[in-house]
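Visitor: Please walk me through the nonpolar surface and interior of this model, with the criteria stated as you go.

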Amino acid sequence: MQTHVAVETEAQLPLGWRERMSPSKLDTIPGRYNLPKMLSRQSTKQKMREDSSAPTKGIATLQTSFRVTDTIDLLRTRRWSVLDVQQVILAAFTVFSVWIIEPSAPIIKSAVLLGYLLLLFMPISRQFFLPSWPIWTYLLYFFSSRFIPFDVRPGIFVKVLPALEDILYGTNFSNTFSSWNHPVVDVIAWFPYGLGHFGLPAICSAIMFIFAAPGTVPMFAKSFGWMSLAGVTIQLLFPCTPPWYERLHGLEPARYGMQGSPAGLARIDALFGVDMYTTSFTTAPVPFGAFPSLHAADAILEALFMSYCFPRLRALCTFYVCWICWATMYLNHHYAVDLLGGGIMAYTIFWVVRRYWLPRPQQAKKYRWNYEYVEVGQVQKNQMADEEFGYGMMPKRSADWGDEFTVLDSFRHSASSSGSSSPTSIRSDKSYRRDD
């Protein structure tokens, strides 16, 4: 009877059980059940928390040196990558913008370029100036573009945008929305177009600086600056007349040197009895820069970043984008196709930045100071699979972002014309230290 029971029990075991219980197979137990790997992973987590627990680390790492040689030594030991070409491009834009400014004053221009170099090479100013360099370059490039000689510029397109408007939408929305106006409606359109466009970048930066993941503001600033540089370049290479030109001159050819127009914003100046927009738009550096619309591009980029950091604000951000898009057409400054071009440009830049460099928010963290570490980008290995097989929670190299206050300052200057760091260390999925 005992022999019979033993044979029956052995028959009930699954086939191949002896092989599965061999020592070589037992070594591949998943990480969550493997005690040595679990202890190793917990010690890695504890080490990461200890590395980032110092509340004053970000402030302590602020540079206070004025020695240019420190930056030169840093450049000698820097691990260069293809992304460093962005600094070369910004330098080229800066030199070009200063070079074309009239009158030709080589001594003054040389002094300006030397000052630029000092800001970039002195550690105390580099930590603030370098992250916001795209914005300063955009402002300089935009205002100096008026000095580009007319004979080297391309012809001005008068009929392209109205034709695209008819092809894509079957009607001219700008003419439709601006055919009737009222002082109350003028003020409603003025808020996003004349105020929000200039002030909202700084407001969004301040909100993201306090409540979003550390490192978000520098990415927003770089995205904003590079998108603006690309937008102005397109406007210079593909100059198109805005809707107000069609209303004033019809489809007759346009020429460089013609004055711009405040269009519907002239009614705001008349309503308040001040010259806020008439002079600035009449003497605008790029009067024929209808496509793409940077008003729409800026608003959409701000909405994308704010919605990414604060999902509960998605409806409000969508409303603001619709509001400013309507205002641009009601005030007779842009066609609907201009808004489409600006939207495509903003989303493309945001998609790339979010995929590779934008810090990922942690919904349980209310303030930036609550972050123990930050992971950036969305291109990564499957973390759940790594945890399953014991490869998860690899240590991540930290990067300090002591440059976000200067981004707020650069947006303030940007608004008038058209710091300290977080005590939290940032941890990146990338294998290199982010000094740019």
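**Nonpolar surface and core**

Visitor: Is Ile167 buried or exposed?
Guide: The model is predicted, so local features need pLDDT of at least 70 and side-chain atom pairs pLDDT 80 or more, while totals for chains, interfaces and linings use all residues. Residues are numbered from 1 along each chain as its sequence is written, and side-chain values use heavy atoms, without hydrogens or water. Buried means under 20% relative accessible area, exposed over 50%, and partly exposed in between, with a 1.4 Å probe and protein chains only. Because its relative accessibility is 66%, Ile167 counts as exposed.

Visitor: Which element gives the most residues to the nonpolar patch?
Guide: Patches join residues with over 30% relative accessible area and no salt bridge (Lys or Arg side-chain nitrogen within 4 Å of an Asp or Glu carboxyl oxygen), like charges within 9 Å and nonpolar side chains (Val, Leu, Ile, Met, Phe, Trp, Tyr) within 5 Å. This patch, of about 560 Å² by the Shrake-Rupley method, is made by Leu164, Ile167, Leu168, Tyr169, Leu340 and Ile344. Two or more residues come from each of helix 11 (160–169) and helix 20 (336–356), helices being DSSP runs of H or I with at least four residues, numbered from the N terminus. The most, 4 residues, come from helix 11.

Visitor: Which helix supplies the largest share of the largest nonpolar core?
Guide: A nonpolar core is a set of buried Ala, Val, Leu, Ile, Met, Phe, Trp, Tyr and Cys residues joined through side-chain atoms within 4.5 Å. The largest has 51 residues, with Met208, Leu301 and Phe305 making the most contacts inside it. Its largest share, 10 residues, comes from helix 18.

How values were computed: Accessible areas come from the Shrake-Rupley method with a 1.4 Å probe; for residues, only the protein chains shown count as cover.
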